[in-house]
Amino acid sequence: VYHTPELTPTDSVPDCAIAVDVLRATSTIATVLNAGAEAVQVFSDMDQLMQLSEDWPAEKRLRAGERGGAKVEGCDLGNSPLDCTPERVTDCRLFISTTNGTRALQRVQAAPSVLAAALINRQAVVNYLLETNPETVWIVSSGWEGSYSLEDTVCAGAIVDGLLASSSLSPKELAGNDEAIAALALYRHWQDDLLGLMHHASHGQRLLRLNCHEDLKYCAKTDILEVVPRQKEPGVLVK
Ligand code: MLT
């Protein structure tokens, strides 16, 4: 478990890398694919997003941009998963750039298997790991501009908890992985009040100031989607 993309090693790759940005990029990515979008293409750079999406048929293209929690002017969408309704997104490609989440996905895109996880699709990601059984797995928490994120760490802990519950991971194997043990303890402490945790988190507070209460409520739900967003080519995720 790495707490920010900046802490993620650049000289090696795992068999499977899981990017986590519960508030809200990976929650949005899981939701939009579940709602019928054809794919999600991620960008750290907004200008590049605008340029590359230009070639895509306009009726099949949605541009989503977020900076500092707010929607970027000129985009169709911000980064609210609640805007990703089937009416709006079916068969479209979502071109998305967010402050941290899309950067985390780009950071690990060289791994043979890259997934996007949030609390809403936690069990689906655990099931996928059980089926595919990768030897090395990194969970990369997006954080906020290089700093620690409570909600992403708790989601990493929820994934570890799911693996322990299925006995595919033994407590012994966790020994020595200080970050995973800490993430697990944090999840077990907050698991019955994940919305409360989001209210304590710095990015949760930022979103509350932007009146995104409903987003917090939605992103705090656990295991409501079966979808596993996975990378099919660098920067492009499908379900
Ligand atoms: C990010 O990538 O930093 C986030 O998803 C921010 C947000 O809540 O939109």
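**Pocket, cavity and ligand in a predicted model**

Colleague: What is the volume of the largest pocket?
Modeller: This is a predicted model, in which local features need pLDDT of at least 70 and side-chain atom pairs count only at pLDDT 80 or more, while totals for chains, interfaces and linings use all residues. Residues are numbered from 1 along each chain as its sequence is written, and side-chain values use heavy atoms, with hydrogens and water left out. A pocket is an open set of points on a 1 Å grid over the protein atoms alone, with protein on both sides within 12 Å along at least five of seven lines. Taking volume as the space filled by probe spheres set on points joined across faces, edges and corners, the largest pocket comes to about 500 Å³.

Colleague: Which residues lie nearest the centre of the largest pocket?
Modeller: The lining (residues with an atom within 4 Å of a point) of this pocket has 21 residues. Two or more of the lining residues come from each of α5 (122–132), β7 (137–141), α6 (150–165) and α7 (171–174), where helices (H or I, at least four residues) and strands (E, at least two) are DSSP runs numbered from the N terminus. Nearest the centre are Glu135, Thr136, Val137, Leu163 and Leu169.

Colleague: How much space lies in the largest cavity?
Modeller: A cavity is a set of grid points where a 1.4 Å probe fits but cannot get out, and the structure holds one of 30 Å³ or more. The lining of the largest cavity includes Asp21, Leu23, Arg24, Glu66 and Trp144. The space taken by the ligand is this largest cavity, which holds about 60 Å³.

Colleague: What share of the ligand's accessible area does the protein cover?
Modeller: Around the ligand are 13 residues (each with a heavy atom within 4 Å), of which Asn79, Thr98, Asn100, Gly101 and His203 come nearest. A ligand oxygen is 2.5 Å from a side-chain N or O atom of Thr98, an oxygen is 2.6 Å from such an atom of His203, and a polar backbone atom of Leu23 is 3.5 Å from an oxygen of the ligand. On its own the ligand has 270 Å² of accessible area (Shrake-Rupley method, 1.4 Å probe), and the share covered by the protein is 100%.

Colleague: Which residue is joined to Leu23 by a cis peptide bond?
Modeller: Most peptide bonds are trans. Here omega is about -5 degrees, and the partner of Leu23, placed in the loop between β1 (16–20) and α1 (25–34), is Arg24.

Colleague: What is the phi of Asp91?
Modeller: Most residues other than glycine have a negative phi. Asp91, in the loop between α3 (86–89) and β5 (93–97), has a positive value, near 65 degrees.

Technical notes
Polar contact = N/O pair within 3.5 Å; in protein donor to acceptor, adjacent residues only side chain to side chain. Sits in = over half its atoms within 2 Å of the grid points.
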